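Here's a quick walk through a few spots in this protein that are worth a look. Have the structure open while you read.

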Amino acid sequence: MLYNKNQYMPVSSGISVNNNLEIGGCDLAGLAAEYGTPLYIMDEETLRANCRDYMLSFSSNYSDVMIAYASKALSVLGVLKIIGEEGLGVDVVSGGELYLALKAGIVPQKIIFHGNNKSPQELIEALQAGVGLIVVDNLQELKNLEEIAGRLQKKASILIRVTPGIEAHTHDFIKTGGFDSKFGIHIERVCDFIEEIKHCNNIDFAGLHAHIGSQILEVNPFGFAVEKMTELIEKIQKRNHLEIKILNLGGGLGISYLERETPPPVAEYARVIGQELKYNLERRKLPFPKLIIEPGRSIVGRAGVTLYTIGAVKENKNIRKYLFVDGGMSDNPRPMMYGAKYAADIVSKISSRKNEMVTVAGKFCESGDVLIKDIHLPAALSGDLLAVYATGAYNYAMASNYNQNPRPAMVLVGQGKSRLLVRRETYDDLTAKQE
Ligand code: LLP
């Protein structure tokens with residue numbers, strides 16, 4: 001039976017014949033028995049639906065669009081292959097992410113290479129692979145790229161990363177568009193930067209990039225970014241006499257982690273960006289550039305659920321009841337890093353009343369290793385399985401081996417079947433790189 005009443009649950013969530021939580025037609029208790037816990041579960045239906053939503057919403061609001069998945073959110077071959085099948089390009093921020101994207105069969109022309117400090121070796125790899133665009137962050141990088149492209153006898157097609165000076169309401173660490181950001185060229189200095197590019201023989205200036213932040217739950221900042229960037233396009237046309245062929249507006253649309261969080265639908269986000277862009281361009285009589293959008297979290301976030309086994313249940317009398325799980329800050333560092341909050345359910349008590357207030361803590365030797373502080377759940381027992389929702393983005397991607405815990409496995413579920421995307425690490429993996 002379908003049971004996806006909250007936006008943080010994968011769309012295929014349901015209740016199995018055994019009255020357990022199921023995703024993609026797979027009973028989570030069955031998955032725990034087969035693959036062990038902790039386990040990252042990715043729902044194919046949610047993943048594909050999100051890709052299609054983006055492709056359709058943007059193409060119905062603007063004529064020339066590319067959606068490039070920001071693979072920093074989750075860079076796993078099986079996931080990248082699905083995203084490639086759905087027609088998206090991919091944004092990468094390191095030689096490693098580039099390697100995975102290529103290995104997953106993403107067409108190099110649809111790969112965008114980002115980063116504020118790409119190494120010479122990474123620039124070589126990007127040029128040799130023939131990536132579609134390199135997003136240049138600073139003057140030193142421009143010089144390095146000019147020199148390396150010359151040496152390799154290649155032409156680098158670039159975007160300039162612009163700092164638009166927009167403060168979106170999100171956590172300080174995931175804000176990127178303000179003037180104090182480590183990323184990009186200040187919007188007032190872009191025209192001078194373009195004059196520098198004119199002296200380069202091996203660089204083809206294609207356009208501009210701006211990313212204002214992540215987990216943004218309102219559309220207005222995106223509309224504002226469009227306005228600022230079109231103003232800049234006009235200025236460039238007047239001052240540098242150059243046409244902007246590509247405008248990349250980054251990613252950043254937020255997702256629901258808790259019931260009270262209701263992000264704008266992708267369709268609304270696309271409508272605001274598409275319509276605002278057309279309006280602002282027409283008003284200034286500017287040609288329409290190709291539009292690129294780079295969603296990460298809103299493609300994979302909701303598709304992911306992390307499954308844990310509850311070990312000890314401990315009560316600090318009159319203060320707090322703890323549920324200890326077999327993972328924690330190494331598979332999901334976000335609560336510790338950003339104070340991120342998550343919703344969860346006990347797999348076998350999905351329809352029971354949530355009448356206990358508990359705190360879910362991990363197994364790591366840090367007091368701060370708390371996954372969820374103060375959550376209402378049904379009374380839990382040692383051995384129960386806990387499903388934490390919306391963990392598809394920036395969880396596995398930021399996982400570590402802290403306390404020498406092997407990283408969990410990841411499975412893809414759909415239509416009652418499951419398959420391994422990433423195998424569970426072993427103790428041998430922990431020493432594999434050590435002499
Ligand atoms: N494009 C650029 C240039 C970016 O810097 C980012 C994210 C994205 C696209 C994708 O943004 P998204 O659609 O996923 O919001 N680790 C943090 C998030 C860091 C995001 C960094 N840049 C977290 O766990 O919340």
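Let's start with a glycine: right after helix 3, G87 takes a positive phi of about 95°. Keep in mind that this is a predicted model, so every value here is computed from predicted coordinates. Helix 3 itself, residues 77–85, has G78, V79, L80, I82 and I83 as its buried residues.

**Strand 6 and V90**

Moving along the chain, V90 sits in strand 6, which spans 89–92. Is V90 buried or exposed? With a relative accessibility of 0%, V90 counts as buried, because the cut-off for buried is under 20%. Leaving out its neighbours within four places in sequence, V90 is in contact with A68, Y69, S71, L80, A101, I106, K110, I111 and I112. One of those partners, L80, is also among the buried residues of helix 3. Another, I111, lies 21 residues from V90 along the chain, and the two C-alpha atoms are 5.0 Å apart.

**Helix 4 and its two sides**

Next comes helix 4, residues 95–103, where G95, E97, L98 and A101 are buried. Why do these residues fall on the same side of helix 4? They cover an arc of only 160° around the axis, so they share one side. As background, an α-helix has 3.6 residues a turn, so residues three or four places apart point the same way. On the other side of helix 4, you'll find Y99 and K103 exposed. The cover over the buried residues includes helix 3, strand 6, strand 7 (111–113) and helix 5 (120–129). Just past the end of helix 4 there's another glycine with a positive phi, G105, at about 90°.

**Helices 7 and 8**

Further on, take helix 7 (residues 190–198) and helix 8 (residues 220–239): their axes come within 10 Å and cross at roughly 50°. That crossing angle makes helix 7 oblique to helix 8, and the crossing is right-handed. Which residues meet here? From helix 7 they are V190, C191, I194 and E195, and from helix 8 they are L232, K235, I236 and R239. Sorted by class, this contact has five nonpolar, no polar and three charged residues.

**Backbone oddities**

Most residues other than glycine have a negative phi, and most peptide bonds are trans. Here are some spots that depart from that, with the backbone angle for each.

| Site | Backbone angle |
|---|---|
| T37 to P38 | cis peptide bond, omega near -10° |
| D374 | positive phi of about 55° |
| A390 | positive phi of about 60° |

P38 is in the loop between helix 1 (28–35) and strand 4 (39–43). D374 belongs to strand 18 and is partly exposed, with a relative accessible area of 40%. A390, in the loop between strand 19 and strand 20 (409–414), is buried at a relative accessible area of 0%.

**D384, a buried loop residue**

Finally, look at D384, in the loop between strand 18 (370–377) and strand 19 (385–389). D384 has 11% relative accessibility and therefore counts as buried. What does D384 touch? Not counting residues up to four places away in sequence, its contacts are Y308, T309, I310, I346, S348, K349 and A379. A267 is 117 residues from D384 along the chain, and their C-alpha atoms are separated by 38 Å.

Key
Residues are numbered from 1 along each chain as its sequence is written. This is a predicted model: local features need pLDDT of at least 70, side-chain atom pairs count only at pLDDT 80 or more; totals for chains, interfaces and linings use all residues. Side-chain values use heavy atoms; hydrogens and water are left out. Buried means under 20% relative accessible area, exposed over 50%, partly exposed in between (1.4 Å probe, protein chains only). Helices (H or I, at least four residues) and strands (E, at least two) are DSSP runs, numbered from the N terminus. The arc is that of the directions from the helix axis to the C-beta atoms. Contact means heavy atoms within 4.5 Å. Axes are lines fitted to C-alpha atoms, for helices over the stretch in contact, and angles run from 0 to 180 degrees between N-to-C directions. Angles under 35 degrees count as roughly parallel, over 145 as roughly antiparallel, 65 to 115 as roughly perpendicular and the rest as oblique. A crossing is left-handed if the near helix is turned anticlockwise from the far one by less than a right angle, and right-handed if clockwise. Ala, Val, Leu, Ile, Met, Phe, Trp, Tyr, Cys and Pro count as nonpolar, Asp, Glu, Lys and Arg as charged, and the others, Gly among them, as polar.
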